[in-house]
Amino acid sequence: MRRPLRFLISRGPTREPLDPVRFISNYSTGTMGQALAVEARARGRSVTLGSGPTELPPPRGARAISIERAEDLRQAMRREAPKADVIIMAAAVSDFQPARPARRKLARRGTRRLQLRATPDIIGTLPRRSGQLVVGFALESADAVARARRKLYAKRLDLIVGQTMNGHGSPFGRRPVEAFLLDAGGKARRLGRIPKSRLARLILDEIDRLWYGGLHANREECPTC
Ligand code: C5P
């Protein structure tokens, strides 16, 4: 029997500790990664989730690895990536972490200086197996396509999903997003304002096209296209 395509999908925010009881994070809810995992399972794919703190239970049949910090996610992705055919980095990884988290709870007093350090670029430094497809996200508020294109090349991605923040409020959670797809050649396909479930279907269609068509033309026939 043909083995299912194996997806590794990260979702949700990360939490970067300030002290044992506090952290910095972002408003991500894991909705986009969840929509991708649901769609991948519906297509019969095997799914492993690298999951930041979220209230969403993993879809039926998916395996979830819970992480908190960007560093935990980095380690989980490095461990799981060699087994994956397709890696989708939908997590809203915190770009910064406190440089020196306190060992004890910080007491409230006057003002404090907080020194932040950039987190490691997880997707850009992941060791790759030849033939793997790697998909990233880019949330941009200005020059979205140009900035996403730079990330596509810098992180050596096969596909990047751009989302623009342009006055419709937060892109996090269940609201539709303004999105576009950028392929490895840097060609943009604008999708307009779109619900995340439909965006997930289009992303999976594109992955199927890349896996079973063009890039990997000699692979077995697509079971769902
Ligand atoms: O934060 P940025 O816009 O650079 O994120 C682009 C892509 O890189 C996303 O897919 C995100 O999940 C990933 N990323 C990462 N490691 C980071 C920051 C972002 O893998 N430290």
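In this report, two residues are in contact when heavy atoms of theirs lie within 4.5 Å. Helices (H or I, at least four residues) and strands (E, at least two) are DSSP runs, numbered from the N terminus.

The structure is a predicted model, in which local features need pLDDT of at least 70 and side-chain atom pairs count only at pLDDT 80 or more, while totals for chains, interfaces and linings use all residues. Residues are numbered from 1 along each chain as its sequence is written, and side-chain values use heavy atoms, with hydrogens and water left out.

## Ile24 and Val93

Let us begin in strand β3 (residues 22-24), where Ile24 lies. Leaving out residues up to four places away in sequence, Ile24 touches Thr14, Arg15, Glu16, Leu18, Phe96, Pro98 and Leu116. One of these partners, Phe96, is 72 residues from Ile24 along the chain, with 8.5 Å between the two C-alpha atoms. Ile24 has a relative accessibility of 22% and counts as partly exposed. The term depends on relative accessible area: buried means under 20%, exposed over 50%, and partly exposed in between (1.4 Å probe, protein chains only).

Thr14 also appears among the contacts of Val93, together with Ala70, Leu73, Thr119 and Ile122, when neighbours within four places in sequence are set aside. Val93 sits in the loop between β6 (86-89) and β7. Its C-alpha atom is 7.9 Å from that of Gly12, although 81 residues separate Val93 and Gly12 in sequence.

## Ser51 and Gly52

Ser51 belongs to strand β4 (residues 46-51), and Gly52 is in the loop between β4 and β5 (63-66). Are these residues buried or exposed? Ser51 is buried, at 4% relative accessibility, and Gly52 is buried too, with a relative accessible area of 3%.

Not counting residues up to four places away in sequence, Ser51 touches Arg11, Ile65, Ser66 and Ile67. With that same exclusion, Gly52 touches Arg11, Pro13 and Ile67. Arg69 is 17 residues from Gly52 along the chain, and their C-alpha atoms are separated by 8.0 Å.

## Loop residues

Three charged residues in loops are set side by side here.

| Residue | Loop | Relative accessible area |
|---|---|---|
| Arg113 | between β7 (96-98) and β8 (116-118) | 85%, exposed |
| Asp143 | between β9 (133-140) and α3 (144-154) | 58%, exposed |
| Arg156 | between α3 and β10 (159-164) | 46%, partly exposed |

Most residues other than glycine have a negative phi. Asp143 has a positive phi, near 50 degrees, and the phi of Arg156 is positive as well, near 55 degrees. As for Arg113, its C-alpha atom is 30 Å from that of Pro171, and the two residues are 58 apart along the chain.

## The nonpolar cores

A nonpolar core is a set of buried Ala, Val, Leu, Ile, Met, Phe, Trp, Tyr and Cys residues joined through side-chain atoms within 4.5 Å. The largest such core has 32 residues, and Phe7, Leu36, Leu199 and Ile203 touch the most other members. Which helix gives the most to this core? Helix α4 (residues 196-212) does, with nine residues. Apart from this core lies another of 24 residues, including Ala76, Ala84, Ile122 and Ala144.

Leu199 has a varied set of partners: Met32, Val161, Gln163, Val177, Ala179, Leu191 and Ile194, not counting residues up to four places away in sequence.

## Where α1 meets α4

Helix α1 (residues 31-42) and α4 have axes that come within 9 Å and cross at roughly 55 degrees. The axes are lines fitted to C-alpha atoms, for helices over the stretch in contact, and angles run from 0 to 180 degrees between N-to-C directions. Angles under 35 degrees count as roughly parallel, over 145 as roughly antiparallel, 65 to 115 as roughly perpendicular and the rest as oblique. α1 and α4 are therefore oblique to each other.

The crossing of α1 with α4 is right-handed, the term for a near helix turned clockwise from the far one by less than a right angle, with anticlockwise being left-handed.

On the α1 side, Thr31, Met32, Ala35, Leu36, Glu39 and Ala40 meet Lys196, Ser197, Leu199, Ala200, Arg201, Ile203 and Leu204 of α4. These contact residues divide into eight nonpolar, two polar and three charged. Here Ala, Val, Leu, Ile, Met, Phe, Trp, Tyr, Cys and Pro count as nonpolar, Asp, Glu, Lys and Arg as charged, and the others, Gly among them, as polar.
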